[in-house]
Amino acid sequence: MDDFIAERRRQIAFDMLQHANLVFQCVLVATIVAIALAVLINRFKVLEPVANAVSAVGLTLPSFALVGLLLPLSGLGTTTAFLCVVFYAVLPVLRNAVVGLAGVDQTLLESARGMGMGPVGVLLKVQIPLAWPVILAGVRTSMQMSMGIAAIAAYVLGPGLGSYIWTGLVQTGGANALNYAVVGTVGIVIVALVADLLLLALGRLTISKGVRVA
Amino acid sequence: MSAETLETTTGPPDHERRTSPDEESAPADRGARGWLARKSVSRETVAMLVVPPVLVALAFIGFLVWRQTAELDSVEANQLKWSTLSRLLVDHLQLTVVAAVIVVAVSLPLGIALTRGRVKRAAPLVVGIANAGQAAPSVGLIVLLFLWLGGGFWTAIIGLSLYGILPVLRNTITGIQAVDPTLVEAARGVGMTSTETLRKIELPLAVPVIMAGIRTSLVLIAGTASLACFIDAGGLGEVLQTGISLFRFSLMITGALLIALLALLIEWIGRLLELAYRPKGV
């Protein structure tokens, strides 16, 4: 095992970064999309049950099935992996953003408007900062989920550490099969933990002092 | 109900719980008949009970029509034979049901034990370990078990059960802990033993949360069972796997569609169970 890692140190580090990179990009895109959708839903309440149903159904869909459905459209490789991870990453953030925005006290919105803020100002300076802790909790869920989904998407040649696991499976019986599978799995756990810590730190930095719980 | 799924899959920090919407506040749907009407059920819950099975049925009918009319070459025809598909479906169901039964049998007593007496202090530790375990990718877990134990049904079952334990365990603990302590005290005050209190007060009140955990777990297991084909344990993933390795769109779509429909159906059954087991007045 030590030799295996020592020999491939650069490659493993590179793939860890690739894994983290894929997930970060997907979660970033997903967060922006989800917040935009949540703002819409917050304005047109009729959409809320629809959004809830879509995310319930979406989270039920097994990721391997979605990979299969996307493959004819986007082919083998990074695009399919990206689309698949983004799809799942949107759902937890969306749900939390809807709940978070709905939880903002109406009187606060009214006073903000009374102070002369426009709709954009209210959104950026009042609603999103107040909902941010809840939204961020959704982002953490999203990030954790995406790590595993990216591993499955590696089956259709997506980037990252998932390929080590699949290589381990293909080489079953070979000398390095276990090494590959262990490095892939443990590597993803490490990337996931580091990412989670970074998000916690981000929370410390970005959650307004007034609404900080701990 | 849907906000529940998130809570069960994530172990939310407190501020998330604080703002979670009150799902039972919507007025009961008068149109619902029978036992549905007798339990106070929000319109959204009714919609989630009615719409998914209809969609699943429509999609499945669409698949049947396509399957009967499409021109398939020999490879496709072979993989899409009804006998093959039904065998894989049965595999998939067996994997899901057996793993789910094991999950409930293990995590329910474990969860209850972790809310009793002195063991209580270990609860955060156990949940923490389970949480960290959940960060491991499902494929990784399954492949590692395969390399360690060899392929087959029972290896898949071990992987699926390990993966499904967390939601039930966590919800059992949080469900029981969330019971109003004054109720427990009142029960003890009227002379109930601690076992009676558990059986008659704490468990019934915790049932909705526990059932939500079981549903989450069922969905996780049914989805992960689509990976069982990689370790010679069959299941509907096989159609998709074959489709990907031969690059046949018909097989890919069929496999993916059947896996997705089954998962939706299982989620729906979970919702029914959730409603059926909800005690009156909760």
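The points below go through a predicted model, beginning with one whole chain and ending with single residues.

1. Chain B, taken as a whole, has a secondary structure of 13 helices and zero strands, so that reading from the N terminus one meets α elements from beginning to end. Of the 282 residues in this chain, 45% count as buried. If one considers the contacts in chain B with a separation of 6 or more, 70% of them are between residues 24 or more positions apart.

2. Between the two chains, 48 residues of chain A are in contact with 47 residues of chain B. On the chain A side, at least two residues each are supplied by several helices, among them H3 (47-60), H4 (63-74), H5 (78-102) and H7 (119-153). The greatest share of this side comes from H9(A), which gives ten residues. Sorted by class, the side of chain A that touches chain B has 32 nonpolar, 15 polar and one charged residues.

3. Within chain A, a helix pair worth following by eye is H3(A) and H5(A), whose axes come within 10 Å and cross at roughly 145°, the crossing being left-handed. From H3(A), the contact is made by A:Glu48, A:Ala51, A:Ser55, A:Gly58 and A:Leu59, and these meet A:Phe87, A:Leu91, A:Leu94, A:Arg95 and A:Val98 of H5(A). By class, the residues of this contact divide into six nonpolar, two polar and two charged. When looking at such a list, it helps to recall that an α-helix has 3.6 residues a turn, so residues three or four places apart point the same way.

4. The largest nonpolar core holds 131 residues, and those touching the most other members are A:Val23, A:Val67, A:Val85, A:Ala97, A:Ala150, A:Ala153 and B:Ile259. Leaving aside residues up to four places away in sequence, A:Val85 touches A:Leu22, A:Val23, A:Cys26, A:Ser146, A:Ile149, A:Ala150 and A:Ala153. As general background, nonpolar side chains tend to be buried together in soluble globular proteins.

5. Helix H6 of chain A, residues 106-114, is hardly covered, since the count of buried residues among its nine residues is zero. After H6(A) comes A:Gly116, whose phi is positive, near 100°.

6. Close to the start of the numbering of chain A, A:Phe4 is found in helix H1, which spans residues 2-7. Is A:Phe4 buried or partly exposed? A:Phe4 is partly exposed, because 16 other C-beta atoms lie within 10 Å, whereas 20 or more would be needed for a residue to be buried. Although A:Phe4 and A:Tyr180 are 176 residues apart in sequence, their C-alpha atoms are 8.6 Å apart in space. With residues up to four places away in sequence not counted, A:Phe4 touches A:Asn176 and A:Asn179.

7. Two loop residues of chain B deserve a careful look at their backbone. B:Asp232 is found in the loop between helix H11 (194-224) and helix H12 (237-246), and its phi is near 60°, a positive value in a residue other than glycine. B:Asp232 is partly exposed because it has 14 other C-beta atoms within 10 Å. B:Phe247 lies in the loop between H12 and helix H13 (249-276) of chain B, and the phi of B:Phe247 is near 50°, again positive in a residue other than glycine. Why does B:Phe247 count as exposed? B:Phe247 is exposed because it has 12 other C-beta atoms within 10 Å, and a residue with 12 or fewer is exposed.

Note on methods
Residues are numbered from 1 along each chain as its sequence is written. Chains are lettered from A and ligands numbered from 1 in the order in which they are written. This is a predicted model: local features need pLDDT of at least 70, side-chain atom pairs count only at pLDDT 80 or more; totals for chains, interfaces and linings use all residues. Helices (H or I, at least four residues) and strands (E, at least two) are DSSP runs, numbered from the N terminus. Two residues are in contact if their C-beta atoms, placed from the backbone, lie within 7 Å. Ala, Val, Leu, Ile, Met, Phe, Trp, Tyr, Cys and Pro count as nonpolar, Asp, Glu, Lys and Arg as charged, and the others, Gly among them, as polar. Axes are lines fitted to C-alpha atoms, for helices over the stretch in contact, and angles run from 0 to 180 degrees between N-to-C directions. A crossing is left-handed if the near helix is turned anticlockwise from the far one by less than a right angle, and right-handed if clockwise. A nonpolar core is a set of buried Ala, Val, Leu, Ile, Met, Phe, Trp, Tyr and Cys residues joined through C-beta atoms within 7 Å.
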